[in-house]
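Work through the three exercises below with the coordinates open, and attempt each task before reading its solution.

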Amino acid sequence: MWGDFGQRAAAVLPNLQCLDYETSKLDPAAAPEKQAKVAIDRAIASGSLEQLRGVLSQVEQHLPQETRSLTMHCLRESAKGGSLDMLHFLLEQLKACQPSDLCELLKYALTGAAMQPGPGVLDFLLGAVQRLCPGQLLELLQYAVGAAAGQGNLRLLKFLMDHTAAAAIPINYSVVFNQAISAGKAEDLLRGAIEGGVYYENVIMMLLFALKSIPENVNESQVGSRQSLENAAKLQVVKSYKKTDPVLFERLMAAIKSFLSDVPPSIKDKDSCPPPLRRRSGSNSVDRFGSCSQRSYRSRSRERR
């Protein structure tokens with residue numbers, strides 16, 4: 001009976017580690033999976049791998065039917081919190097999964113990593129992808145680029161664009177741009193990239209190229225429409241460079257006109273990609289993800305021992 005559910009919940013998960021009901025304001029009669037999720041969050045926030053091990057052990061013992069959904073939550077929150085130790089532990093537990101199943105689980109970790117300010121966690125995860133399910137690398141790279149765009153994370157978007165371009169990995173940037181539009185982040189990305197100037201040149205060109213796939217007559221006055229984004233781009237160029245850097249101002253305005261002028265509203269090149277990116281002189285080719293973060297992780301592990 002529903003009236004007995006709270007009592008059953010308390011009985012299923014007795015003395016959950018790191019779960020302070022008073023501090024968390026969680027009802028002790030809450031559903032067991034909700035209690036477990038709060039306990040996982042607190043363990044991750046504490047930075048204690050042992051606490052996380054304890055909570056997951058209890059989940060496996062008492063809530064086996066919720067193990068998958070709570071593992072997804074754990075992957076996302078560990079990546080979001082930037083804990084390489086916890087991610088390493090979780091990935092070790094998932095080694096036995098089928099590649100297709102592991103691919104779906106890793107998407108949750110990549111979503112969390114897209115919320116990080118820097119590329120360290122994302123680099124670590126993509127290195128793990130290359131080792132654990134290389135057959136799904138292209139799918140997960142496309143997902144990671146889209147996740148970064150959907151979060152409006154310009155720094156990670158730039159990181160992924162540089163790495164995939166250097167390794168000649170194809171990415172569908174029209175899909176990426178549409179994800180940014182759906183999340184309401186396209187305008188932020190455009191303005192941020194333009195403000196960043198030459199360093200973000202490849203991002204600017206990608207965004208402008210993808211922008212022309214939006215029909216001109218769709219939601220013209222709304223945020224995220226082609227007209228709205230074009231206006232935002234021009235305004236940011238004027239604001240950032242008209243007085244301070246006239247040369248760059250002219251280059252960017254010319255690029256906007258080149259990409260967006262006289263494009264038929266019914267254009268169907270949604271699967272197109274931007275022109276090949278120019279590699280900076282003296283830059284090294286990047287053919288692996290995860291090398292830096294793996295070295296950093298191993299170094300910290302040796303220090304703890």
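**Exercises on a predicted model**

Tyr200 is buried, with a relative accessible area of 15%, in a model that is predicted.

**Exercise 1.** Find the aromatic pair in the whole structure, classify its geometry, and state how exposed each ring residue is.

*Solution.* Step one is the search, which over the whole structure returns 1 aromatic pair. Step two is the geometry: the ring centres of Tyr199 and Tyr200 lie 4.9 Å apart and their planes stand at 85 degrees, and since planes over 60 degrees apart count as edge-to-face, the pair is edge-to-face. Step three is exposure, where Tyr199 has a relative accessible area of 46% and is therefore partly exposed, whereas Tyr200, at 15%, falls under the 20% limit and is therefore buried. Finally, Lys158 is placed over the face of Tyr199, at 4.6 Å from the ring centre.

**Exercise 2.** Describe how helix 3 (residues 32-46) and helix 5 (residues 67-81) are arranged with respect to each other.

*Solution.* Begin with the axes, which come within 10 Å and cross at roughly 25 degrees. Angles under 35 degrees count as roughly parallel, so helix 3 is roughly parallel to helix 5. The handedness completes the description, as helix 3 passes helix 5 in a right-handed crossing.

**Exercise 3.** Compare the span of helix 8 (residues 120-132) with its expected value, and list its buried residues.

*Solution.* Helix 8 has 13 residues, and its first and last C-alpha atoms are 18 Å apart, close to the 18 Å expected at 1.5 Å a residue. Turning to burial, the buried residues of helix 8 are Val121, Leu122, Asp123, Phe124, Leu125, Leu126, Gly127, Ala128 and Val129.

How values were computed:
Residues are numbered from 1 along each chain as its sequence is written. This is a predicted model: local features need pLDDT of at least 70, side-chain atom pairs count only at pLDDT 80 or more; totals for chains, interfaces and linings use all residues. Side-chain values use heavy atoms; hydrogens and water are left out. Helices (H or I, at least four residues) and strands (E, at least two) are DSSP runs, numbered from the N terminus. The expected span of a helix is 1.5 Å times one less than its number of residues. Buried means under 20% relative accessible area, exposed over 50%, partly exposed in between (1.4 Å probe, protein chains only). Rings of Phe, Tyr and Trp (its six-membered ring) pair if their centres lie within 6.5 Å; planes under 30 degrees apart count as stacked, over 60 as edge-to-face and the rest as tilted. A charge sits over a ring if NZ of Lys or CZ of Arg is within 6 Å of the ring centre and within 35 degrees of the ring normal. Axes are lines fitted to C-alpha atoms, for helices over the stretch in contact, and angles run from 0 to 180 degrees between N-to-C directions. Angles under 35 degrees count as roughly parallel, over 145 as roughly antiparallel, 65 to 115 as roughly perpendicular and the rest as oblique. A crossing is left-handed if the near helix is turned anticlockwise from the far one by less than a right angle, and right-handed if clockwise.
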